[in-house]
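Let's take a walk through this structure together, beginning where its parts meet and then looking at each one in turn. Have the viewer open as you read.

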Amino acid sequence: MNIIYWLLVSICMMLSQSAVADGNLNTKLIADFRLYPNSNAGTIDSGQSLELNIDAYKDFGATRAVLELVARFDDQDSGRRILDARQAYISSEIGAFEIYVGNRQEFWGKAESKNIVDVVNQQDGAADQGGAGKLGAPSLSVERYTEYGDLQVWYMPEFRELTFNDSNAHPSGQLLIKPARYQRSEGSNADDLAFRFSSVVDEWDLAGSLFYGTARNPILSVVDVGTALEPYYPKQQSLGLEAQYTGDATLLKWESLHGQQDEKSLFAAVAGLEYTLYGLLDQVWDLGMLAEAQHDERPQAAAKRIYVAGLRLTLNDSKDTSLLLLTSQDEDWDQSLISFEASRRINSWSSIELGAKFFDAQTPASAFGALDDDDTISIKLNTFF
Amino acid sequence: MRILFAMLSAGLASFLMISTPVLANKGLEIATEVIKRDQGWGDTSSKMTMILKDKYGQSTQRSLRNKSLEGSTEGDKSLVIFDTPGDVRGTAFLSHTKKTGSDDQWLYLPALKRVKRIASSNKAGPFMGSEFSFEDIASQEIEKYAYKYLSEEKYNGVDCFVVEYDPVDRKSGYSIQKTWIDQSKYIILKTEYYDRKKSLLKTLTFDSYKKYEDKFWRADTFRMINHQTGKETELQYENWVFGTGLSEKDFNKSMLKKIK
């Protein structure tokens with residue numbers, strides 16, 4: 001399969017050369033500087049990376065070729081180095097259907113803190129970029145838009161593994177990563193299937209999805225006398241449900257996952273509430289308040305229950321300044337995470353982002369306990385060409 | 001975006017609905033005529049440059065593309081795609097206007113490939129940090145205001161009707177809007193916006209109207225001055241195209257992720 005996809009990538013690249021002539025090519029350069037103020041001995045205390053994103057497309061009547069390449073170089077952490085075709089596909093309208101072949105990036109979900117129904121792509125976990133850091137999903141997909149809602153069918157013939165940082169980089173448990181094990185005998189060549197139907201009914205945005213395949217998130221076990229982590233990818237058969245109610249200033253959100261994983265029953269859900277105060281303090285500022293509860297019975301979850309509360313301040317100025325403060329806390333008051341993000345435009349071709357993350361845990365053996373030395377302060381400079 | 005059609009547009013049905021019993025109101029008659037004369041525009045696309053000026057005269061620019069579809073039973077649909085500045089490139093804003101109640105709005109975030117339904121009650125909030133609020137750029141349906149005829153006045157040498165538009169929605173940032181309408185062409189030349197305390201907040205003027213398809217007037221320049229902050233936003237339109245073949249499907253929220 002690999003050869004076919006890289007062949008597709010090459011075709012897309014050739015096609016995109018003419019995209020340059022049409023002005024359908026955009027480039028972004030991200031310079032990322034990170035400090036790890038709490039790093040353990042033997043791990044790096046800072047890092048920097050340079051990431052290039054190339055985005056091009058070309059239309060041929062009802063057919064479109066799209067290429068989105070990400071190339072990241074990191075000075076210390078080989079886990080963060082990557083060359084990936086996040087998207088490299090050809091799409092065509094055939095009758096009432098849209099058909100896509102190649103690597104795609106897709107988003108499913110409604111919640112803010114965690115998207116348990118978002119099963120199409122694997123995460124570029126080492127990139128630590130949240131929802132934007134995904135690996136392209138090699139796939140054949142068909143979409144159909146109807147007046148009742150939209151249907152998607154996905155066939156994914158090749159599994160992509162989660163990326164990990166080096167053991168001396170952050171975040172990591174300072175353990176080596178062993179080759180992955182799979183529940184399905186075909187390993188990374190096992191086929192995955194997914195369906196989704198989404199619809200809008202007045203104030204409600206609803207969706208239901210089915211997934212049959214390999215779980216994106218591995219179960220990690222410490223092996224080799226505590227020196228290494230072994231990722232294990234179980235089989236997952238699940239139904240995903242999504243709902244969002246959009247009121248005047250209130251959003252209600254729901255995501256849940258029901259089914260089986262690793263031959264055991266699987267249930268996870270995220271419920272959220274978001275309320276926005278517009279025109280705060282007689283300014284044009286908006287303050288969004290969000291609260292989400294995560295319930296996740298899978299062994300991959302950091303805790304069975306996590307509560308998230310956050311504030312998002314949007315200044316609505318000409319520089320689009322925004323700040324986001326989030327705190328996560330498990331139900332036993334054992335593990336917590338505080339994160340802060342701020343972004344502001346510098347000029348028409350550049351912007352800056354500041355970020356900070358602080359993990360805390362009473363129990364060193366817990367998920368956040370293992371991330372205790374991974375507190376991060378980051379500055380990102382984005383340049384657009 | 002579409003104060004553009006502001007007053008200039010609206011569905012046939014809305015006109016038919018109000019044209020029956022209530023014609024005693026001259027303000028409503030004029031506002032209805034403004035909309036009636038612009039009916040049948042179907043679908044349009046255009047390019048826009050937004051120039052934001054602060055009170056010190058420093059300016060920044062954004063470029064956007066607009067696509068619009070005239071509504072029949074429901075309100076109009078519109079799509080705005082951002083081209084610059086770089087950090088918002090590829091972001092898209094989709095709005096399905098409702099004749100009554102809140103509009104349906106979605107935002108497309110290209111880095112996440114995520115389509116997000118957003119609350120539309122923030123009518124008074126600024127659009128892209130500009131002096132235009134969301135309600136200024138929303139498609140204007142006749143049901144959204146109560147009307148009062150005020151007077152006849154000359155504006156820039158043109159004979160105008162002056163009509164008061166009172167927003168029906170309590171979430172509007174305005175108490176009233178005073179509108180100067182060209183008596184022969186039935187196009188809006190100027191609007192004054194009064195805040196909730198009834199003080200003059202903003203003035204919008206339209207310049208360089210051109211006639212398209214031998215029927216539809218569109219202004220090239222919209223200039224909004226905020227009297228309370230001294231800030232100013234100018235919208236410069238170009239490449240107006242009518243009958244581009246857009247359909248309902250192009251304004252489906254799922255199509256947002258295909259936008260380039």
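How many residues of chain B are in contact with chain A? Before the answer, one caution: this is a predicted model. In it, 26 residues of chain B are in contact with 33 residues of chain A. On the chain B side of that contact, strand E2 (59-69) and strand E6 each supply at least two residues. Sorted by character, the residues on this side of chain B comprise 7 nonpolar, 11 polar and 8 charged.

Let's stay with chain B and follow E6(B) back to its neighbours. E6(B) covers residues 114-118 and runs antiparallel to E5(B), to which 5 bridges join it. Within this pairing you can find Tyr108(B) standing opposite Val115(B). The two strands form a hairpin with 4 residues between them, and in that hairpin Lys113(B) has a positive phi near 55°. E5(B), residues 104-109, also pairs with E4(B), residues 92-96; these two strands run antiparallel as well, joined by 5 bridges. Here Ser95(B) has Gln105(B) of E5(B) as its bridge partner. When you look at strands like these, keep in mind that side chains alternate between the two faces of the sheet in a regular strand.

Now step back to chain B as a whole. It contains 3 helices and 13 strands. A compact globule of 260 residues would have a radius of gyration near 18 Å, and chain B agrees with this at 17 Å. Taken along the principal axes, its C-alpha atoms fill a box of roughly 50 × 45 × 35 Å. Of the 260 residues of chain B, 44% count as buried. Looking at contacts in chain B between residues at least 6 apart in sequence, we find that 48% join residues at least 24 apart.

Where does the nonpolar interior come together? The largest nonpolar core has 42 residues, and the ones that touch the most other members are Ala31(B), Ala92(B), Leu94(B) and Ile181(B). To see one of these in its setting, centre your view on Ala31(B): leaving out residues up to four places away in sequence, Ala31(B) touches Ile142(B), Tyr147(B) and Val163(B). Apart from this core lies another, of 16 residues, which includes Ala111(A), Ile116(A), Val119(A) and Ala268(A).

Those last names bring us to chain A, which has 2 helices and 24 strands. Its radius of gyration is 21 Å, close to the 21 Å that the globule rule gives for 385 residues, so chain A is as compact as a globular protein of that length. Along the principal axes, the C-alpha trace of chain A spans about 60 × 60 × 45 Å. Buried residues account for 38% of its 385 residues. Among contacts in chain A with a separation of 6 or more, 53% come from residues 24 or more positions apart.

For a clear example of strand pairing in chain A, go to E22(A) (residues 335-347) and E23(A) (residues 350-361). These strands run antiparallel and are joined by 12 bridges, with a hairpin connecting E22(A) to E23(A) through 2 residues. Ser336(A) has Asp360(A) as its bridge partner in E23(A). E23(A) is also joined by 8 bridges to E24(A), residues 376-384, and these two again run antiparallel. In this pairing Gly355(A) stands opposite Ser378(A).

From Ser336(A) you can move across to Thr327(A), which lies in strand E21(A), residues 322-330. Not counting residues up to four places away in sequence, Thr327(A) touches Ser336(A), along with Ala309(A) and Ile338(A). Why does Thr327(A) count as partly exposed? It has 15 other C-beta atoms within 10 Å, whereas a buried residue needs 20 or more and an exposed one has 12 or fewer.

Our final stop is Tyr155(A), in strand E9(A), residues 150-156. Tyr155(A) is likewise partly exposed, because 14 other C-beta atoms lie within 10 Å. Setting aside neighbours within four places in sequence, Tyr155(A) is in contact with Ser139(A), Leu140(A), Asp191(A) and Leu193(A). The C-alpha atoms of Tyr155(A) and Pro138(A), which are 17 residues apart along the chain, are separated by 8.7 Å.

How values were computed:
Residues numbered from 1 in each chain as written. Chains lettered and ligands numbered in written order. Predicted model: local features only at pLDDT ≥ 70, side-chain atom pairs only at ≥ 80, totals over all residues. Pairing = 2+ DSSP bridges. Contact = placed C-beta atoms within 7 Å. Nonpolar A, V, L, I, M, F, W, Y, C, P; charged D, E, K, R; others polar. Core = buried A, V, L, I, M, F, W, Y, C linked by C-beta atoms within 7 Å. Rg over C-alpha atoms; globule rule 2.2 N^0.38 Å.
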